[in-house]
Amino acid sequence: MRIFDGIDSLTAAIGEHLGYSDWFEITQERVQLFADATGDHQWIHLDTERAAAGPFGGTVAHGYLTLSLLPMLGRGVYEFRGFAMGVNYGLNKVRFPSAVRVGARVRLGAEIVSVAPVALGVHAVIAYTIEIEGEAKPGCVAEAVVLLVPAKESV
């Protein structure tokens, strides 16, 4: 677990691979809950019988479900402690090179790409790769931008 206690420690880590999260299983229940939350009920995610005969050989997680795992899995890789707050600012790039089948296990790897000053603090760009256990291609690669606001020092 990498701990960042302020902008200097974050800047010092540019270009470093921060490590990996634990493996996490993608269940049909999670896929169903995501479908219900987003209204995306496409058969490749939910119809196990039809999906078994489809291009992926079974149901698969939504790409956006896979993407939405970044914050949860990221908590197992690094932590921001020296900041008043951190909020998602956006994404620079997202790709889904391989479908994540239901029952697969995934893990996240992370690397700090850049840290740039902005009015409220810094924008940290973090490159994420969500690997699929036993698969050559990842389920997701993404560059996320986080706005980090430094903590006010007490006097």
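Visitor: Which residues touch the most other members of the largest nonpolar core, the one with 36 residues?
Guide: This is a predicted model, in which local features need pLDDT of at least 70 and side-chain atom pairs count only at pLDDT 80 or more, while totals for chains, interfaces and linings use all residues. Residues are numbered from 1 along each chain as its sequence is written, and side-chain values use heavy atoms, leaving out hydrogens and water. A nonpolar core is a set of Ala, Val, Leu, Ile, Met, Phe, Trp, Tyr and Cys residues that are buried and joined through side-chain atoms within 4.5 Å, where buried means under 20% relative accessible area, exposed over 50% and partly exposed in between (1.4 Å probe, protein chains only). Within the 36-residue core, the members that touch the most others are Leu-10 and Val-106.

Visitor: Which element gives the most residues to this core?
Guide: At least two core residues come from each of helix H2 (28–38), helix H5 (63–68), helix H6 (70–74), strand S5 (83–95), strand S6 (105–118), strand S7 (121–132) and strand S8 (140–150); helices (H or I, at least four residues) and strands (E, at least two) are DSSP runs numbered from the N terminus. The greatest share, six residues, is given by S7.

Visitor: Which residues is Leu-10 in contact with, leaving aside neighbours within four places in sequence?
Guide: Contact means heavy atoms within 4.5 Å. With those neighbours left out, the partners of Leu-10 are Phe-4, Phe-80, Phe-83, Ile-112, Val-115, Val-122, Ala-124 and Leu-148.

Visitor: In what order do the elements of the protein run from the N terminus on?
Guide: The secondary structure consists of six helices and eight strands. Read from the N terminus, their order is β-α-β-β-α-α-α-α-α-β-β-β-β-β.

Visitor: What percentage of the contacts with a separation of 6 or more comes from residues 24 or more positions apart?
Guide: The C-alpha atoms fill a box of roughly 65 × 30 × 20 Å along the principal axes, and 39% of the 155 residues count as buried. Among contacts with a separation of 6 or more, the part due to residues 24 or more positions apart is 70%.

Visitor: How many salt bridges does the structure hold?
Guide: Side chains of opposite charge can pair when their charged atoms come close. The term salt bridge requires a side-chain nitrogen of Lys or Arg within 4 Å of a carboxyl oxygen of Asp or Glu. By that rule, the number in this structure is five.

Visitor: How far apart are the closest N and O atoms of Arg-81 and Glu-79?
Guide: Arg-81 is exposed, at 52% relative accessible area, and Glu-79 is partly exposed, at 30%. The two residues form a salt bridge, with their closest N and O atoms separated by 2.8 Å.

Visitor: Which residue forms a salt bridge with Glu-135?
Guide: The closest N and O atoms of this pair are 3.4 Å apart. The pair links distant parts of the chain, 34 residues apart, with Glu-135 in the loop between S7 and S8 and its partner in the loop between S5 and S6. Glu-135 is partly exposed at 37%, and the partner, also partly exposed at 39%, is Arg-101.

Visitor: Which residue forms a salt bridge with Arg-105?
Guide: The closest N and O atoms here lie 2.8 Å apart. Arg-105 is in strand S6, and its partner, 28 residues away, is in the loop between S7 and S8. Arg-105 is partly exposed, with 33% relative accessibility; the partner is Glu-133.

Visitor: Is Thr-66 buried or exposed?
Guide: Thr-66 sits in helix H5. Not counting residues up to four places away in sequence, Thr-66 touches Ala-61, Val-100, Ile-130, Gly-139 and Cys-140. The relative accessibility of Thr-66 is 2%, so this residue counts as buried.

Visitor: Which residues does Gly-103 touch, not counting those up to four places away in sequence?
Guide: Gly-103 lies in the loop between S5 and S6 and is partly exposed at 40% relative accessibility. The C-alpha atoms of Gly-103 and Phe-24 are 9.7 Å apart, with the two positions 79 residues apart in sequence separation. The residues that Gly-103 touches are Glu-25 and Ile-26.

Visitor: What distance separates the C-alpha atoms of His-17 and Tyr-128?
Guide: His-17 is in strand S2 (residues 17–20) and counts as partly exposed at 41% relative accessibility. Residues up to four places away aside, His-17 touches Gly-109, Ala-110 and Glu-111. His-17 and Tyr-128 are 111 residues apart along the chain, and their C-alpha atoms are separated by 9.8 Å.
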